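Here are some exercises with worked solutions for you to try. Have a go at each task before reading on.

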2 protein chains.
Amino acid sequence: MAINAEKIGSEKYQKIIQAATKVFAEKGFYNSKVSDVAKEAQVADGTIYLYFKNKDDLLISIFEDSMDHFTASVQEEMSEAHGPVDRLRRFIRLHLELVREHPDTAQVLQIELRQSSKFMKEYAATKFRDYLDIISKILEEGQGLGHFKKDINPQIVKRAIFGAIDEMALEWVLMKKKKYSVDEVAQQLCTMFIDGLAA
Amino acid sequence: MAINAEKIGSEKYQKIIQAATKVFAEKGFYNSKVSDVAKEAQVADGTIYLYFKNKDDLLISIFEDSMDHFTASVQEEMSEAHGPVDRLRRFIRLHLELVREHPDTAQVLQIELRQSSKFMKEYAATKFRDYLDIISKILEEGQGLGHFKKDINPQIVKRAIFGAIDEMALEWVLMKKKKYSVDEVAQQLCTMFIDGLAA
């Protein structure tokens, strides 16, 4: 992406990201036009192109911006946690809470993002890997302290744990009426994973 | 879908499904035309419309056909298994093996299907729910026999387990070079889930 750090931090950049998130969530990525985003953000069409190359760039920027937000929230939570078991528990709960609190972002990440072949096949997703690495670091810490099994492979298991949380998040996004609460789902996942990892 | 059971069972129907799977996996769903599928299947364009309403119907039919295939394979495997722990182990391994053996189908299910907003939002996916219910039945059987924790909710945990397996399958589809073998991944998931569920 050609935009610089100064632009990313700016109020207008964030305003456009928020508008694009709302528009993509409501109309779908394919049916949305850059001009719809401009209208929602109350800026001129040309302004969007000062910050973003095209519609795909907007979508990828929503992804990167929300990964930054998720990672920052999780890292703050991690600093308050006591040990790897507590960290894993908090990670699972916080991810589910973030999905619940940001339904439009969740809709874009869970549904619209996967409609971009460009994103799925070509984008390196460094920020996503960084997010997954929070899980593998918790697992490695737990192995080091003797809490978690030595024979689990953190590189495989981090994706499995993320996949389980992500599937619950997808169900939430797709279902208008939520069958289960964050508390219930977090409790079920934590019980299963923490006992499953225990040395 | 308007087509009848006789057509679904026919050789030509299966030939078109296979051609569509190949074309969608290679060109992507959005870039594919019904005429590309006809060419691959070596039938006239009009023949496709005797069996399928449109391109979306083709995509949904690939999904339904592969769910039938997955469910039949899993149920055959289940009949050979001894008890719920062995059944869960076999389910996890077989799903991963089916993904490995059918890379085009996996590509369509994992990537292309999610590009259809129609599918993600409107389609009831009864066959997918039936597939997930194989997992919840294993969990309930395990609870009944005292092998699995009474306080796990099979309706939540079935999706979490599916999500974990599905995420590993997605990684496989996206990565040209496979980092881990089916054996390794199945082993890791089984260890974690079976110990995690154990009463």
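**Exercise 1. Work out how many residues each chain brings to the contact, and from where.**

Step 1. Count two residues as in contact if their C-beta atoms, placed from the backbone, lie within 7 Å. The contact then takes 31 residues from chain A and 31 residues from chain B.

Step 2. Sort the side of chain A that touches chain B by helix (DSSP runs of H or I, at least four residues, numbered from the N terminus). The helices α8 (117-122), α10 and α11 of chain A each supply at least two residues, and α10(A) gives the largest share, 12 residues.

This is a predicted model, where local features need pLDDT of at least 70, side-chain atom pairs count only at pLDDT 80 or more, and totals for chains, interfaces and linings use all residues. Residues are numbered from 1 along each chain as written, with chains lettered from A and ligands numbered from 1 in written order.

**Exercise 2. Find how chain A is superposed on chain B.**

Step 1. Fit by least squares on the C-alpha atoms of residues with pLDDT of at least 70 in both copies. A rotation of 180° with 0.0 Å of shift along its axis does it, at RMSD 0.0 Å.

Step 2. The two copies are thus related as by a two-fold rotation axis.

Step 3. Of the interface residues of chain A, 100% are also interface residues in chain B, so the copies meet through the same surface.

**Exercise 3. Check the span of helix α11 (residues 182-197) of chain B.**

Step 1. Multiply 1.5 Å by one less than the number of residues. For 16 residues this gives 22 Å.

Step 2. The end C-alpha atoms are 22 Å apart, which agrees.
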